[in-house]
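This report covers the fold, the nonpolar core and one helix of a single protein chain.

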Amino acid sequence: MAAAVATPLKFTFSSSHGSTRRLQWRNSQRSIKRPYRGVITAKVEHKPPPYSLEALEPHMSRETFEYHWGKHHRAYVDNLNKQIVGTELDTLPLEEIILATYNKGDLLPPFNNAAQVWNHEFFWESMKPGGGGQPSQAVLELIKRDFGSFEAFVTEFKAAAATQFGSGWAWLVYKANKLDVGNAVNPVPSEEHKKLVVVKSPNAINPLVYDYSVSKLYSPTRLITVFQLPLLTIDVWEHAYYLDFQNRRPDYISTFMEKLVSWDAVGLRLEAAKARAADRESKK
């Protein structure tokens, strides 16, 4: 298998999600806009990692990459393209397909494949050759503020990954709260309301969907909207580590944190998350 071509880190979130939330998954006869002749026309791609398949050795083997990226990730892409071809979804960006098919928690058929494609692309970019160590000063300061110390953060992240029952993911996310109070000057979140948190999610679920579903908390006097933008993830599905670590998930998690994590990617994602939060506030 040829070495992957390095590509710039991409971290985008679409703000125009209202129309996609109204998409409905129809039966195959009603959803097809043109005759299906066995040709996949959707454009979701099987993107390579931003480094060669052996670049993370000895901490993650080429054999694992050929199995995980070459088979599992590819299968998610192929299955998603088959599911959305000829439907209203096949012209949407991947993030909008995820939001539309999450369907307020009532998952539509393409959701798992769409979310797994996104999750895996995000996971590959969460690692780099020669990774590990400590983050940049800007990220480190937030980690110390929100977790008490870098060591406390690492302990909490490892625990989330290790205790995710069955298949799933652990995430470091940037959470921003928006507080709207009726008949008052519209307050915006202070920096203390914007914080880093560790979360875990089952199966294909990722933090992209939290902003559009369970994060709205109502009371008689106020509306708090919480949205969480992912900065880092680790895949704890068994196929992510079995060839290298057998059933030793904690060893895999420790290796990820100490030898593989890309703090450069986390720093770039944090800046993008802050910009996304500021843009959201400006439109309220």
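## Fold and packing

In the protein chain, 78% of the contacts (heavy atoms within 4.5 Å) with a separation of 6 or more join residues 24 or more positions apart. The model is predicted, with local features needing pLDDT of at least 70, side-chain atom pairs counting only at pLDDT 80 or more, and totals for chains, interfaces and linings using all residues. Residues are numbered from 1 along each chain as its sequence is written, and side-chain values use heavy atoms, without hydrogens and water.

The chain holds nine helices and four strands (DSSP runs: H or I of at least four residues, E of at least two, numbered from the N terminus). Their order is α-α-α-α-α-α-β-β-β-β-α-α-α. Of its 284 residues, 50% are buried (under 20% relative accessible area, 1.4 Å probe, protein chains only).

The largest nonpolar core (buried Ala, Val, Leu, Ile, Met, Phe, Trp, Tyr and Cys joined through side-chain atoms within 4.5 Å) has 75 residues, and F256 is among those with the most contacts inside it. Helix α4 (residues 111-125) gives this core its largest share, eight residues. Leaving out residues up to four places away in sequence, F256 touches F123, M127 and F157, among others.

Helix α2 is summarised below.

| Feature of α2 | Value |
|---|---|
| Length | 23 residues (62-84) |
| First to last C-alpha | 31 Å |
| Expected at 1.5 Å a residue | 33 Å |
| Kink, centred on R74 | about 25 degrees |

The expected span is 1.5 Å times one less than the number of residues; the bend is the angle between axes fitted to the seven residues ending at a residue and the seven starting there. Buried residues of α2 include F65, W69, H73 and Y76. Just after α2, G86 has a positive phi of about 80 degrees.
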